[in-house]
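Trainee: I'd like to learn how to read cavities, pockets and cores in a model. Can we walk through one together?
Mentor: Sure, let's put it up.

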Amino acid sequence: MGRRPAKCYRYQKNKPYIKSRFCRGVPDPKIRIFDVGSKRVDVDAFPHCVHMISGELEQISSEALEAARICANKLMVRTVGKDNFHLRVRVHPFHVLRINKMLSCAGADRLQTGMRGAWGKPQGTCARVRIGQQLLSIRCKDTHADTAFEALRRAKFKFPGRQEIVVSRKWGFTKFTKEEYQKLRSEGRLISVGTHARELKNKGKLVDSVGKFTDMIISA
């Protein structure tokens, strides 16, 4: 018996059901890589950011997430090169899907009990998403903005329901707008922490905020 179509599991009906010591034998999710491209590049290198936003309260299977990641990654690598972008899948398939297998052979009605004890066996995993949640994000240089938008537009067709592609006002994956980021950087008040940046606050002990990050301060 093959996989059921994803339309059977599209809507969030019950509570989250995750893998645990009580729920064993869960198959591995199809998606294993959530960051592709140049994921170790410093926050300063990729100022532009594009997000795919969910328009529905639904469940997205791990197979659909993997298909969308491959689709977006393929266009970006072919067009701008693997060193000029960072794609991140923002949702993880933790919810376990179940299936109540039914026999279809001759004399099956003597062996099975119909809807009695209909709690199914684990069949796959999916991500539970809400309206307005970010599904995929790409950070890149400003010159590759159109390609990033097109990559997420194509990936959108791998998902059920409605999604929107929005261009972020923030600098890369940080919480600062581009104007705030440039202002803080010119004042020497930004600390690089990989794909993100921290603001150097004016309160608290100086040794706590600066001590171990002295070599990471971003200067203009």
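Trainee: What volume does the largest cavity have?
Mentor: Keep in mind that this is a predicted model. The idea of a cavity is that a probe fits in there but cannot get out. Here the largest cavity comes to about 70 Å³. The structure holds 1 cavity of 30 Å³ or more.

Trainee: Which residues line the largest cavity?
Mentor: Its lining is made of Arg3, Arg4, Tyr9, Ser61, Glu63, Leu97, Gln123, Gly124 and Thr125. By class, that gives 2 nonpolar, 4 polar and 3 charged residues. Strand β6 provides the largest share of this lining, with 3 residues.

Trainee: And how do I read the largest pocket? How much space lies in it?
Mentor: A pocket, unlike a cavity, is an open set of points. In this model the largest pocket holds about 540 Å³ of space. Its lining counts 23 residues, and Cys8, Tyr9, Lys13, Asn14 and Arg98 are the ones nearest the centre. If you're thinking about chemistry, the lining splits into 11 nonpolar, 5 polar and 7 charged residues.

Trainee: Which strand gives the most to the lining of the largest pocket?
Mentor: That's β5, residues 95-99, which puts in 5 residues. Take a look at Ile99, which is found in β5. With a relative accessible area of 4%, Ile99 counts as buried, because the cut-off is under 20%. Sequence distance can mislead you here: Ile99 and Arg4 are 95 residues apart along the chain, yet their C-alpha atoms are separated by 8.5 Å.

Trainee: What about nonpolar cores? Which residues of the largest one touch the most other members?
Mentor: The general idea is that in soluble globular proteins, nonpolar side chains tend to be buried together. In this case, the largest nonpolar core has 29 residues, and Met52, Leu65, Phe85, Leu135, Ile138 and Phe159 touch the most other members. At least two residues of this core come from each of β2 (48-54), α1 (62-80), β4 (85-89), β6 (121-129), β7 (134-140) and α3 (145-155). The biggest giver is α1, with 7 residues. Apart from this core lies another, of 7 residues, including Val43, Trp171, Tyr181 and Leu184.

Trainee: Which residues does Ile138 touch?
Mentor: Leaving out residues up to four places away in sequence, Ile138 touches His48, Cys49, Val50, Met76, Phe85, His86, Leu87, Ala148, Ala151, Leu152 and Phe173.

Trainee: Why is β7 largely enclosed by the rest of the structure?
Mentor: To judge a strand, count its buried residues. 6 of the 7 residues of β7 are buried, so the strand is largely enclosed. Then check its partners. β7 pairs with β2 in the antiparallel sense over 6 bridges, and with β4, also antiparallel, over 5 bridges. For the register, Cys49 stands opposite Arg139 in β7, while Val89 stands opposite Leu136 in β7.

Trainee: Let's stay with Cys49. Is Cys49 buried or exposed?
Mentor: Cys49 has its place in strand β2 and is buried, with a relative accessible area of 0%. Apart from neighbours within four places in sequence, Cys49 is in contact with Ile138, Arg139, Val166, Val167, Ser168, Lys170, Gly172 and Phe173. There's a long-range pair here as well: Cys49 and Ala145 are 96 residues apart in sequence but 7.9 Å apart in space, C-alpha to C-alpha.

Notes:
Residues numbered from 1 in each chain as written. Predicted model: local features only at pLDDT ≥ 70, side-chain atom pairs only at ≥ 80, totals over all residues. Heavy atoms only, no water. 1 Å grid on protein atoms, 1.4 Å probe; cavity = no way out; pocket = protein on both sides within 12 Å on 5 of 7 lines; lining within 4 Å. Points joined across faces, edges and corners; volume = space filled by probe spheres on them. Helix = DSSP H or I, 4+ residues; strand = E, 2+ residues; numbered from the N terminus. Nonpolar A, V, L, I, M, F, W, Y, C, P; charged D, E, K, R; others polar. Core = buried A, V, L, I, M, F, W, Y, C linked by side-chain atoms within 4.5 Å. Buried < 20%, exposed > 50% of the residue type's maximum accessible area, 1.4 Å probe, protein only. Contact = heavy atoms within 4.5 Å. Pairing = 2+ DSSP bridges.
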